[in-house]
Protein chains: 2
Amino acid sequence: MAKPRTLEPEQWELWNSWMQAQRLLARELDRDLQRDYGISKAEFSVLVTLHRAAEGRLRVSELAESLAWDKSRVAHQLTRMENRELVDRTEDRSGRRVGVGLTAKGRSAVENAILGHADNIRRYFFEALTPDQAAAIHVWSRRVVDRIEARCGERADQLDANQPIM
Amino acid sequence: MAKPRTLEPEQWELWNSWMQAQRLLARELDRDLQRDYGISKAEFSVLVTLHRAAEGRLRVSELAESLAWDKSRVAHQLTRMENRELVDRTEDRSGRRVGVGLTAKGRSAVENAILGHADNIRRYFFEALTPDQAAAIHVWSRRVVDRIEARCGERADQLDANQPIM
DNA sequence: TGCCTAGAGTTGTCGCGTCAACTTCTGGCG
DNA sequence: CGCCAGAAGTTGACGCGACAACTCTAGGCA
């Protein structure tokens, strides 16, 4: 018996409902954050990371590392957020950008949003979950991440798992 | 004891690894599809849906229904894919667009991609999964979808779960 | 007949995310 | 010192996804 060349129907069923769950969940959390606090989940991720940085000010590369985001993604996100005055970038005397911090507006946004967002995660994610389901998902998630990062390793990529938040 | 206002550390841990798994998985599948078959997962979804439609030709609204996508999303996707000559739109005599079908190029792309994609799903998703984890995830996914769709129902939205594929 | 509403489909705009290319700085080594 | 590799950061281009606004048409009904 060679490996089956396609998935079994019940595997497709699982795959589809998982994809669906994942998509709806992300969309719902994003919408709620937008509606209730006026920020997106990408913005929220950046704001939280800055907020819990001890010094309150990070370099782009530290943000990228901490979020496990590509540095160019961080740069684009920061220019959008700088336009919205949620963060500010500081420059050294030569004009080189060298640090990112919260503005007053950014700080209050994240401090307002964080509890509501946690509530939403609990409501949509955890309240649909029994403890053994939680355990199963946790084990499996880590294994998926490990396997993919192992494959990335073959390509000499590096992605430290750190704190993705969203 | 009121409800806790934030998540427990182990809940954050689970949440983070789940989000991470979900993101890496989607990205990896997308990259593989792109590299091996030259199509994105959005394109793949559309092609598969058209491919398994009995008549081989669908209306935009049927595609949207079947994919559980917004109709405007479908329209945008189709114009990109029409430019790449993966699909073609047929018009009635008044020039109104009235049907979408596969081109020869689209058909061969999807027929090549489908087995490889199923393999990738198996490799990344199912091989990291024990049967009881699979069951747990399946139950939970459906519950998440139900809960969110119930909430959407309150807003008089409709989203028939049908066949999301990716 | 003429109106009028509901649905189908498109378009524009914007934020997110990836990739590749580019500049500028920095540190090491001859 | 001068050079050069590599890291830090930005930019541009492009596809994806959501939302709102628009056109057009078919069907119903006076």
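This is a short tour of a predicted model with two protein chains and two DNA strands, stop by stop.

Before you start, residues are numbered from 1 along each chain as its sequence is written, while chains are lettered from A and ligands numbered from 1 in the order in which they are written. Because this is a predicted model, local features need pLDDT of at least 70 and side-chain atom pairs count only at pLDDT 80 or more, whereas totals for chains, interfaces and linings use all residues.

**Stop 1: chain A by itself**

Select chain A and switch on the cartoon. You should find six helices and three strands, where helices (H or I, at least four residues) and strands (E, at least two) are DSSP runs numbered from the N terminus. Walking from the N terminus, the order is α-α-β-α-α-β-β-α-α. Of the 166 residues in chain A, 31% are buried; buried means 20 or more other C-beta atoms within 10 Å of a residue's own, exposed means 12 or fewer, and partly exposed lies in between, with C-beta atoms placed from the backbone.

For an example, pick A:A53 in the loop between α2 and β1 (57-58) of chain A. A:A53 has 16 C-beta neighbours inside 10 Å, so A:A53 counts as partly exposed.

**Stop 2: a helix pair**

Now show α2(A) and α5(A). Two packed helices are described by the angle between their axes and the distance between the axes. Here the angle is about 105° and the axes are 9 Å apart, with axes fitted as lines to C-alpha atoms over the stretch in contact and angles running from 0 to 180 degrees between N-to-C directions. The two helices, α2(A) and α5(A), are therefore roughly perpendicular, the term for angles of 65 to 115 degrees.

Display side chains for A:F44, A:L47, A:V48 and A:H51 in α2(A); their partners in α5(A) include A:V110, A:A113 and A:H117. Contact means that C-beta atoms, placed from the backbone, lie within 7 Å.

**Stop 3: where the chains meet**

Colour by chain. 45 residues of chain A are in contact with 45 residues of chain B. On the chain A side, α1, α5 (104-124) and α6 (131-154) each supply at least two residues, and α6(A) gives the most, with 15 residues. That side divides into 28 nonpolar, ten polar and seven charged residues; Ala, Val, Leu, Ile, Met, Phe, Trp, Tyr, Cys and Pro count as nonpolar, Asp, Glu, Lys and Arg as charged, and the others, Gly among them, as polar.

Try superposing chain A on chain B: a rotation of 180° with 0.0 Å of shift along its axis does it, at RMSD 0.1 Å. That is the relation of a two-fold axis. The fit is by least squares on C-alpha atoms of residues with pLDDT of at least 70 in both copies. The copies meet through the same surface, because 100% of the interface residues of chain A are also interface residues in chain B.

**Stop 4: the DNA strands**

Select what surrounds DNA strand C: 26 residues, with A:S40, A:S72, B:V60, B:S61 and B:S72 coming nearest. Near means a C-beta atom, placed from the backbone, within 6 Å. The top contributor is α4(B), with six residues. By class, this surface has six nonpolar, nine polar and eleven charged residues.

Finish at DNA strand D, where 25 residues lie around the strand and A:V60, A:S61, A:S72, B:S40 and B:S72 are closest. Here α4(A) gives the most, with six residues.

Note on methods: Angles under 35 degrees count as roughly parallel, over 145 as roughly antiparallel, 65 to 115 as roughly perpendicular and the rest as oblique.
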